[in-house]
Amino acid sequence: MSAAGFYALAGVALVVLGLYGLAVQAHLLRKLLAVNILGSGVFLVLVGLGGPADAGPDPVPHAMVITGIVVAVSATALGLVLMLKLTTTSGRPTLEDDAPREGPEA
Amino acid sequence: MPDLYHALTLFLLLNLGAGLWRVVRGPTAADRMLAAQLFGTTAVAILLVLAQAGGVAALRDVALVFALLAAVAAVAFVRRAWPQPEDEHDRP
Amino acid sequence: MSLLQTGIDALLALGLVWLAWRALACPDLFRGIVLFIAFGLLMALAWVRLEAPDVALAEAAIGAGLTGALLLAALARLNRIAPAGTRADTREAWRNAPALLLVLAGAGLGLAVLSLLPEPAGLQAQVAAELGRSGVSNPVTAVLLNFRGYDTLLEVLVLLLALLAAWSLEAEPPRREAAPGPVLDLLLRLLLPVLVLAAAYLLWAGAHAPGGAFQAGAVLGAAGVLALLAGWRLQPHLTGLPLRLAIVIGPGGFLLVAWALLLTGRPLLEYPPALAGALILLIETLATLSIAATLAVLFQGSRPAAEPPA
Amino acid sequence: MSPVLLPDLPWEALLILLPLTGAAAGALWPPAARAIGLLTTAGGLLLLAGLGTAVADAQTLRHAVGGWGAPLGIELRADALSLVFLTATALVGLGVAVYADSYFERSQARGFWPLWLFLLGALNALFLSADLFNLYVTLELMGLAAVALTAFSGGRAALSGAMRYLLATLLGSLVYLLGVALLYHATGTLDFSLLTQRLEAGPAARTALGLMGAGLALKTALFPFHFWLPPAHSSAPAPVSALLSALVVKASFYILVRLWLELFAPLSGLEGAGTGEVLGWLGMAAILWGSWQALRQPRVKLLVAYSTVAQIGYLFLAFPLLTAAGLPDPAAWRAVLWLVLAHALAKAAMFLAAGNLLRFGGHDRIPDLDCVAQRLPLTVAAFALAGISIAGLPPTGGFIGKWLLLEAALLQGRWDLVAVMLLGGLLAAGYVFKVVGHFFTPAAAGHAARPVPAAMEWTALTLAILALLLGLAPAWLLPWLDLAVGPGPAEAVP
Amino acid sequence: MTGPDYLAALLLLAGALFFLAGTLGLLRFPDVYTRLHALTKADNVGLGLIVLGLSLQSGSWLVAGKLILIWLLVLLAGASVSHLIARGARLRGIPEWRR
C-alpha cells in the first residue's frame, strides 16, 4: 500500500475515534476536541485519497483542507466561548442529558 | 545521502514517541508542557531534514512557523493554563 | 519508496491515531489538551509527507499553534468558573454500547477508501492547464483565491461570523494579566517583530510558493495572542471603530472586489487576467489583517473593554 | 448542459452578495445595522422576483463563478426547485425580520441583524450552489449563524440548546464532507451536473450516500437524529425559532433532495431503492414519535418544536414513493415542495404567535394560557390558522400538500404510508386544538400582562394567512412546482 | 560521498545523539528542573548540530542563513519558556529532587 493509503486509513480511524469521543465524553471541552479530531480525520481522507498521482499532488483537496481548517478553528473558538458561558450559567461544563423540562424561559 | 536523511527522520520520530511517555506520565503540568516543547524542537529538526531530503524549500518555512508558534502555546500555558498546585490532579 | 520512508509514514499514521485516542480517553483534561497539541504537530508532519506543504503551514500555525493556545486559555477560564468540573466524566452506560457499531462503520468506510485508492480521480490537469491565467503560480493559492475564490470568500465570512457570535454572547471580562516580567518582556520584544516579518514573508511567498493569507494571518494573529498574554491591551480609543474596521476589512474588501467586478458586467469574482495577480494580493493582504485581528480577539474571548455601550 | 443564458442582471450573485455585504456593513457600523437589516431583507424579495422571471424564461440558469466553470470552478444554479426554497426563505425572512424589529430591545437588536443577514446569505448561497464542497461551506456558515442566533438570548436553556445544536451541526457537516471526499476522488469533480454523468454504482458511491445522507439527516433532525432540535428550537428567541424550524432544517433537506434526485436515485440497487425505503421508514417514525411527543408537551414552544420533528417526517415520505415505482414520481415531489412552503409559512407563524404569548404572559405553559383570546385576538387567529395548516385540514396549504402526498401513496398502493399520514394528521389536530382550546378558558386569577406590539401580532397573522392562501390558490402555484420536479427526475432517468 | 558529506553526516549523527540524550534525560531525570536541563541540551546542541550539518549540505548561503535563523528562534523560545516554566514551578512550590 502507498504512503498516502496509510494516512487515508489513519483518517478513517480518527473519524471513528472522534465519533466515539463525541458520543462517550460528557465534558464539553472534550467533545470539542473530539470534533476537531474527527475533522482532522476527514481532512486526511480528503488529501490521502488523492494518493500518489503521476501529475503531482492535486491542489484542490489541499485548498479544501485549508478552508476546512479555518472553518474548524472558527467553530472551535465559538464552541469554547459558548461552553464558558454555559458553565458560568449552569455551573457545569456538560450538557444536561435529561430532556428539557418545564421551567421559566430565559 | 537520502537514506541517511530518512533514517535520521525515523530516528527523530521514535525519539518523539519516547518523549510522549513524559506527556502521558507527567507528573506535573510543567513536565507535560516541557515534553511538548521537546516535541516542537524535534519536529523542527524533522522538517529541516525532510526539506533537505526532498529538496522542498517550503518545509523550512513550515519549520519556521513551528519554531515561532511553539513559543505561543508554551507562553499561553505559563500565563493562563498552569493549574495551581492544589489543582494538580495527578501527583504520583 | 524505500523501506525507511514506509517506516516513517507508518509511524506517523499510527502515532496520530494513538495520540487522538489518548487525547480523548485520558482522565485529565489538561493532559488531553497537551496531547492534542502534539497531535496537531504530527498532523503537520503528515501533511508534509503527503506533499501538501501549504496545508502543513496552515496546520502548524492554526491547528497546532493557535487552537492549542485557545484551548489552554479556555481551560484556564473554566478552572476559575467551575474548578471541580475538569476531571473526566464519561457516561459509563455509553462506554461500550456504540463501540462495536463504530468499529463496523469504520471498517466499511475503510473498505470504501481502499476501493478508491488504486486510481483516484482529481483535477491536477485542469489546474495545471489554467494556472497561467490565474495570476499566481502556486497552484493551491490559485485554487483558493481564484478557481474556488468564492469558497474562500464565504470562509473569511465564517471567521467574521464566529467573532460576532462570540461577541453577542458577552462572556465574562478577561482578568488583568500579571506583569510580564523581564524574560517574557524580552521574548516579546524579540519575537513580535519576527512574527510580523514572518507573516509578511508568508503572505508574499503565497503567490509562488506555499503560504498565503491564512498562514500569514495565523502567524500575525499569534503575534497578537502573544502580546495579549504579556498583558498588552488596545488603547481604549482603538477598541471601537478601528478594531471593527480591522476585523471587517478582509471580508469587506473581498466583498467590495466582488461587487466591483459584478458592476463591470463580469460573472461573480471573475478577475480580468491582467489584474488577477494584483487583486489576489490585495484580497490576501486585507484578509491577513482581518484574520490576525479576529483570531487574536477570539483568543481574548470577549469584546475588548471600553466598547461604548450600545 | 443547457446553454448559459445571462439575464439582465446576475440575480443569483446579487441574492448572495447583498445580505452578506449587509452583514459585514452591520458589523462595521452597528448603529446602522437595523436599517441595513430591514432594507437588505426586503431587497432580497425584489431580487428574487428578478430571478423568478429569469428562471421562468430559461428554466435553469447557470452562473460560472470566477468565469472558470465546472469542474475547475464553482457554478451557481437557479431552477424552479431552488426557487421554491428561496421563496420560502424570502417570505419567512421578511416576516421574521419585521417581527424581530419589535421583538428585540435596541441594544440587543444591533447584535441580531448581522447574524440574521449571515443566515439569510448562507441560505441563499446554499439554495443556489451546484458544488458539493461549496455546499459544505454554506452549511457551516448557516450552522454557525443559526447556533449564534439560538444562543442569542443567553439564558441557560438557550445556551445548552445552542451547544447541543453546535455539536450536532458540526458533526453533520463533517460527515457530509467525508462523503464529498469520497465522491470527489471517485469522479474528479464536485459539480452536480458532472457528477450525474460520472457517478457509477459501487462501494464508494454507496458509502458516500450513507455518509452524506446521515450527515444531512442529522442536520435536518430526521428521527432518530432529532434529539438536538427540541431543546434548541424551543429555547431560542421566538423569531429565531421561527427561522430555525421554517428554514434552516429545510436547507439540509434541500441538499438531500438534490443529491437524491440527481445523483443517487438513478443508480440501481442499494443506492437507489433500499435507501429510499429506509428514509421513508424514518419519516414514518418521525411523524408518529414527533406528534406523540408534541401532544405530551406542557409548553407551547416545545410543542411546536416537536411538531417540527413530525412535519419533517412527512417530507421524507416522498423518498420511498419515488423508488417504489422505479421511476420518479412527480406527484410525490410536487407534494413535498408544497409541504415545504406550507410548513415554512405555518411553522414560522406558530413560533411567532408563541413568542407573542410568551411576551404577553411571561410564560408559555399551555394549562395557564387563559383568556388570551380576548386580549390577543390576532395572535390566536394566527396560531389557529397555522395550526390548521400544520394539521393538514382544508382549505390550507398544508391540506393540499398532504392531499397530494396521500394521492401519490394511494396510487402506488402504499397503505403503510397512508395509515401513518392519517394517524399523524389526527395527532396533529389533537396537539393544535390542545393549545387553541386553552386560549378560551377563563382566567382563574388575574395576572400581569405585558403589551405585545402590533407589528408582532400582524406579522404572525400575515404568515399564517399566506399559508392559508397557499391552499386557496393551487392553480397558480402548481405549474411552478411541476417545473421544479418535472425536468429534474425525467433527465436523471436514462 | 565526499569529504564535506562525511562531515555533514557526522554532524547530523551527533545531533541525533543529543536529541536521544535529551529524550532520555526527559524520561529518566527525577524532577522538572533536571528535565528542563536535559531539554535545553536537545534544543541548543542537538538542533544546532543538525542545522550545521544541513547547512553544509545545502550549498547555499541563503538556505544556511535561514537554517541558522530558525535555530536561533528555537533557542530564544526554548530558553525563555524554560525560564518561565522553572520560575513558575518554583513559585508553585514544585519540590526539587534531593538524593
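Angles over 145 degrees between helix axes, taken between N-to-C directions, count as roughly antiparallel. Keep that cut-off in mind for chain C of this predicted model.

Start with the first two helices of chain C. Helix 1 spans residues 3–25 and helix 2 spans residues 29–49. Their axes come within 9 Å and cross at roughly 155°. Helix 1 of chain C and helix 2 of chain C are therefore roughly antiparallel to each other. The crossing is left-handed.

Which residues make this contact? From helix 1 of chain C come Ile8(C), Asp9(C), Leu12(C), Gly15(C), Leu16(C), Leu19(C), Ala20(C), Arg22(C), Ala23(C) and Leu24(C). Helix 2 of chain C answers with Gly32(C), Leu35(C), Phe36(C), Ala38(C), Phe39(C), Leu42(C), Met43(C), Leu45(C), Ala46(C) and Arg49(C). By class, the residues of this contact divide into 15 nonpolar, 2 polar and 3 charged. Asp9(C) and Arg22(C) in helix 1 of chain C, and Arg49(C) in helix 2 of chain C, take part.

Now turn to the interface of chain C with chain A. Here 68 residues of chain A are in contact with 80 residues of chain C. On the chain A side, helix 1 (3–24), helix 2 (28–48) and helix 3 (59–90) each supply at least two residues. Helix 3 of chain A gives the largest share, 23 residues. The side of chain A that touches chain C has 46 nonpolar, 18 polar and 4 charged residues.

Follow chain A past helix 3. Leu95(A) sits in the segment after that helix. Is Leu95(A) buried or exposed? Leu95(A) counts as buried because 21 C-beta neighbours lie inside 10 Å, and 20 or more are needed. Leu28(A) is 67 residues away from Leu95(A) in sequence, yet the two C-alpha atoms are 7.4 Å apart. Leu95(A) touches Leu28(A). Leu95(A) also reaches another chain, touching Ser160(D), Met163(D) and Arg164(D). These contacts leave out residues up to four places away in sequence.

That leads to chain D and its strands. Strand 1 covers residues 61–64, and strand 2 covers residues 75–78. The two strands pair in the antiparallel sense, over 4 bridges. Within this pairing, Arg62(D) stands opposite Arg77(D) of strand 2.

Which way do the residues of strand 2 of chain D point? Glu75(D) and Arg77(D) point one way. Leu76(D) and Ala78(D) point the other way. All of them are buried. Arg77(D), then, is a buried residue of strand 2 with Arg62(D) opposite.

How values were computed: Residues numbered from 1 in each chain as written. Chains lettered and ligands numbered in written order. Predicted model: local features only at pLDDT ≥ 70, side-chain atom pairs only at ≥ 80, totals over all residues. Buried ≥ 20, exposed ≤ 12 C-beta atoms within 10 Å, placed from the backbone. Pairing = 2+ DSSP bridges. Contact = placed C-beta atoms within 7 Å. Nonpolar A, V, L, I, M, F, W, Y, C, P; charged D, E, K, R; others polar. Axes fitted to C-alpha atoms, helices over the stretch in contact; angles between N-to-C directions. Parallel < 35°, antiparallel > 145°, perpendicular 65-115°, else oblique. Left-handed = near helix turned anticlockwise from the far one by under 90°.
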